[in-house]
Amino acid sequence: MTEREYNQCVNLYADNVYRFIVKNLRHSEDAKDIVQSAFEKLWLNRDQVDNEKSKSYLFTIAYHQMIDHIRKNKRIHLKETFDEHERGADRQQHNTKRILAEALDQLSETQKSLVMLKDYEGYNYAEIGAITGLNESQVKVYLHRARLQLRAYIVKPENVI
């Protein structure tokens with residue numbers, strides 16, 4: 001990978017990697033640190049990384065760093081709270097986002113990451129397997145179970161919108 005290809009990779013994928021990490025961590029500063037660290041590793045290993053596989057490499061590195069970060073900070077729960085009126089969101093949209101966020105928080109780290117990679121980022125099963133280190137069958141099973149768990153939480157009477 002050349003310097004030009006690396007810069008192009010930063011321009012193309014930085015937002016996607018950041019979005020994936022921040023949706024999982026819910027803390028923007030930690031997400032920025034992880035993304036920066038992933039790009040640093042890409043730069044250091046640019047000679048071994050094929051430009052065609054740079055996106056997968058970045059997501060794999062960022063995913064593993066995110067898991068390490070979560071494990072290190074397991075006891076610390078950072079939560080950013082905002083007043084509903086400060087954000088200017090209407091109540092319906094706020095409730096939908098809140099319920100979805102709560103449903104995602106009910107999932108394990110692995111399940112949440114799989115849902116984010118498949119449904120938010122659009123990766124296929126093989127790519128998700130390569131990123132997470134799971135085989136394709138495991139990805140399908142874990143993703144299916146995660147979606148069942150999400151559905152069960154969302155359709156609870158107290159969560160129905």
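How much area does the chain expose, and what share of it do carbon and sulfur atoms supply? In this predicted model, the chain exposes about 10,300 Å², and 47% of that is supplied by carbon and sulfur atoms. Turning from the surface to the interior, 37% of the chain's 161 residues are buried.

Let's look at the overall build next. The chain has 8 helices and 0 strands, giving the pattern α-α-α-α-α-α-α-α when read along the sequence. If you take the contacts between residues at least 6 apart in sequence, 67% of them join residues at least 24 apart.

A good place to start the tour is helix 2, which covers residues 28–44. Its 17 residues reach 24 Å from the first C-alpha to the last, close to the 24 Å expected at 1.5 Å a residue. Asp30, Ala31, Ile34, Val35, Ala38, Phe39 and Leu42 are the residues to look for here, as they are buried in helix 2. Where do these buried residues pack? Their partners are helix 1 (3–25) and helix 3 (54–72).

That brings us to helix 3 itself. With 19 residues at 1.5 Å each, helix 3 should span 27 Å, and its end C-alpha atoms are indeed 27 Å apart. Its buried residues include Leu58, Phe59, Ile61, Tyr63, Met66, Ile67 and Ile70, and also Ser54, Gln65 and His69. The buried residues of helix 3 pack against helix 1, helix 2, helix 6 and helix 7.

Of these partners, helix 6 deserves a closer look. Helix 3 and helix 6 pack at an angle of about 150 degrees, with their axes 12 Å apart. An angle over 145 degrees counts as roughly antiparallel, so helix 3 is roughly antiparallel to helix 6. The crossing between helix 3 and helix 6 is right-handed. On the helix 3 side, Phe59, Tyr63, Met66, Ile67 and Ile70 take part, meeting Glu109, Thr110, Ser113 and Leu117 of helix 6.

Now follow the chain from helix 6 (residues 109–120) to helix 7 (residues 125–132). These two helices pack at about 140 degrees, with their axes 10 Å apart. How are helix 6 and helix 7 oriented to each other? They are oblique to each other, and their crossing is right-handed. Leu114, Leu117 and Lys118 in helix 6 meet Tyr125, Ile128, Ile131 and Thr132 in helix 7. Leu117 is worth a second glance: it meets helix 7 residues here, and it is also among the helix 6 residues that meet helix 3.

Helix 7 leads on to helix 8, residues 136–154. The axes of helix 7 and helix 8 come within 9 Å and cross at roughly 100 degrees. Helix 7 is therefore roughly perpendicular to helix 8. In this packing, Tyr125, Ala126, Ile128, Gly129 and Thr132 of helix 7 meet Glu136, Val139, Lys140, Leu143 and Arg147 of helix 8. Tyr125, Ile128 and Thr132 appear in this list and among the residues that meet helix 6.

Finally, pick out Gln111, which is found in helix 6. Is Gln111 buried or exposed? Gln111 has a relative accessible area of 13%, so it is buried, given that buried means under 20%. Leaving aside neighbours within four places in sequence, Gln111 is in contact with Tyr142, Arg145, Ala146 and Gln149.

Terms used. Residues are numbered from 1 along each chain as its sequence is written. This is a predicted model: local features need pLDDT of at least 70, side-chain atom pairs count only at pLDDT 80 or more; totals for chains, interfaces and linings use all residues. Side-chain values use heavy atoms; hydrogens and water are left out. Helices (H or I, at least four residues) and strands (E, at least two) are DSSP runs, numbered from the N terminus. Buried means under 20% relative accessible area, exposed over 50%, partly exposed in between (1.4 Å probe, protein chains only). Contact means heavy atoms within 4.5 Å. Accessible areas come from the Shrake-Rupley method with a 1.4 Å probe; for residues, only the protein chains shown count as cover. The expected span of a helix is 1.5 Å times one less than its number of residues. Axes are lines fitted to C-alpha atoms, for helices over the stretch in contact, and angles run from 0 to 180 degrees between N-to-C directions. Angles under 35 degrees count as roughly parallel, over 145 as roughly antiparallel, 65 to 115 as roughly perpendicular and the rest as oblique. A crossing is left-handed if the near helix is turned anticlockwise from the far one by less than a right angle, and right-handed if clockwise.
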